[in-house]
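Student: Please take a close look at a single part of this model, and then set that part in the context of the whole chain. A connected account would serve better than a list.

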Amino acid sequence: MVFAAPWALAGLGAALIPILLHLFARREPPTVMFPATRYLADTARLHQRTLRLQHLLLLLARTLLIVALVLAAAGPSLPTGGIGSHAPSAVAVVLDNSLSSGAVRGGTPTIDQIKSAAREVLGRATAEDRLWLVAADGIPRQGDRATLGRMVDSTRPSLLRLDLGQAVSAARGLIVSSGLPGEVIVISDLQATALGPAAGTSAVIVLRPQETVIANAGISSLSAGSQPWGLESGLATIALTGSENRSVPALIGIEGKQSKQALVPVGSNGSVRLTPPANGWWALTATLDPDELRGDDRRSIALRVAPPARVTWQPGDRFIAAALDVLAASGRVGH
């Protein structure tokens with residue numbers, strides 16, 4: 001049994017009032033018997049059993065009346081037909097389809113388990129409920145359970161990062177604005193980087209896949225340093241992120257023209273020096289061996305290769321000559 005206004009159950013304490021009044025009413029002063037009143041006392045004793053039964057029935061009726069009024073105010077409901085039947089309420093489902101939901105565990109993508117749980121939650125809604133769906137883009141979408149169910153079916157892992165704290169805060173605001181009792185349902189793999197503080201007081205229920213967290217190494221950044229590169233060579237730097245203290249091989253290349261492999265520690269950087277094939281725009285690409293989470297195993301950036309600019313200056317200009325001598329000594333310009 002569920003209640004639309006469970007706070008009203010505190011009124012059940014009022015059911016003690018008739019019982020206390022009955023107990024206080026039973027207190028009688030001492031009775032002194034006189035011979036002349038003995039006959040009357042015997043007659044009253046014959047009716048005491050009837051009066052006691054009437055008092056008990058009256059006490060029971062008063063108590064049950066108070067209990068019934070309190071339960072009616074709390075709005076009880078019972079599930080029927082296998083689907084939750086309840087008073088109108090507001091439900092905001094936060095579906096975490098950020099990049100980590102693309103991980104494959106035991107041959108099943110995490111996003112499939114998250115979507116299955118979301119469909120089950122929406123399937124318990126009624127036509128009188130107000131429903132919202134909040135995905136990784138942070139945009140609340142309102143609709144009935146059929147409309148939001150189709151949105152869940154079309155959801156795919158996203159490159160966007162979902163801040164669960166901000167999403168819960170926004171969902172709580174929606175519930176408050178609806179004027180209905182409700183709760184926030186968070187369905188997520190609970191990556192540590194997604195957790196954050198949340199505002200509001202509405203109830204939050206968190207659903208998480210039961211599988212253990214998988215090990216993953218991903219490319220967090222790829223840099224070509226100062227551009228443009230010359231035809232001699234340039235330095236490409238890759239940074240890896242992950243939860244394990246290990247090193248993984250990374251392949252860094254220029255559109256397949258030249259590739260080099262580097263063993264890069266997870267959580268640190270690695271660099272290789274590459275020689276571009278010709279002047280122009282190229283794609284500098286870094287890849288890792290595929291793991292359970294595929295979305296962060298490859299990254300590409302634009303690389304510009306151009307000949308050095310030619311400049312002339314007057315030999316008599318001492319300041320320009322001194323500056324160019326410093327640049328030449330550091331390898332930034334050539335004669």
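**A covered strand and its surroundings**

Tutor: The chain has an accessible surface of about 20,700 Å² (Shrake-Rupley method, 1.4 Å probe; for residues, only the protein chains shown count as cover), and 60% of this surface belongs to carbon and sulfur atoms. The model is predicted: local features need pLDDT of at least 70 and side-chain atom pairs pLDDT 80 or more, whereas totals for chains, interfaces and linings use all residues. Residues are numbered from 1 along each chain as its sequence is written, and side-chain values use heavy atoms, without hydrogens or water.

The chain contains 6 helices and 16 strands (DSSP runs numbered from the N terminus: H or I of at least four residues, E of at least two). Of its 335 residues, 32% are buried (under 20% relative accessible area; exposed is over 50%, partly exposed in between; 1.4 Å probe, protein chains only). Of the contacts (heavy atoms within 4.5 Å) with a separation of 6 or more, 66% join residues 24 or more positions apart.

The part chosen is strand β3, residues 90–95, in which 6 of the 6 residues are buried. In a regular strand, side chains alternate between the two faces of the sheet. In β3, Ala 90, Ala 92 and Val 94 lie on one side, Val 91, Val 93 and Leu 95 lie on the other, and both faces are covered. Strand β3 runs parallel to β6 (residues 130–134), with 5 bridges joining the two (strands pair if DSSP finds at least two bridges between them). It also runs parallel to β8, to which 6 bridges join it. Val 93 illustrates both pairings: its bridge partner in β6 is Leu 133, and it stands opposite Ile 185 in β8.

Another buried position is Thr 110, in helix α3; Thr 110 counts as buried because its relative accessibility is 0%. Beyond its neighbours within four places in sequence, Thr 110 is in contact with Ser 101, Ala 103, Arg 105, Asp 189 and Pro 209.

Helix α3 also takes part in a salt bridge (a side-chain nitrogen of Lys or Arg within 4 Å of a carboxyl oxygen of Asp or Glu): Arg 119 meets Asp 153 with N and O at 2.8 Å. This pair links distant parts of the chain, with Arg 119 in α3 (residues 110–123) and Asp 153 in α4 (residues 145–153), 34 residues apart. Arg 119 is partly exposed because its relative accessibility is 36%, and Asp 153 likewise is partly exposed, at 40%. The count comes to 3 salt bridges. Among them, Asp 137 and Arg 141 meet at 2.7 Å, while Arg 124 and Glu 120 have their closest N and O atoms 3.9 Å apart.

Elsewhere, the largest nonpolar core (buried Ala, Val, Leu, Ile, Met, Phe, Trp, Tyr and Cys joined through side-chain atoms within 4.5 Å) has 23 residues. The elements giving two or more residues to this core include β10 (217–223), β12 (247–254) and β16 (298–305). Trp 229 is one of the residues with the most contacts inside the core; among the residues that Trp 229 touches, leaving out those up to four places away in sequence, are Ile 254, Leu 274 and Leu 303.

At the surface, Leu 190, Leu 195, Val 204 and Val 206 form a nonpolar patch with about 300 Å² of accessible area together (residues with over 30% relative accessible area and no salt bridge; nonpolar side chains Val, Leu, Ile, Met, Phe, Trp and Tyr joined within 5 Å, like charges within 9 Å). Leu 195 is placed in the loop between β8 (182–187) and β9 (203–207).
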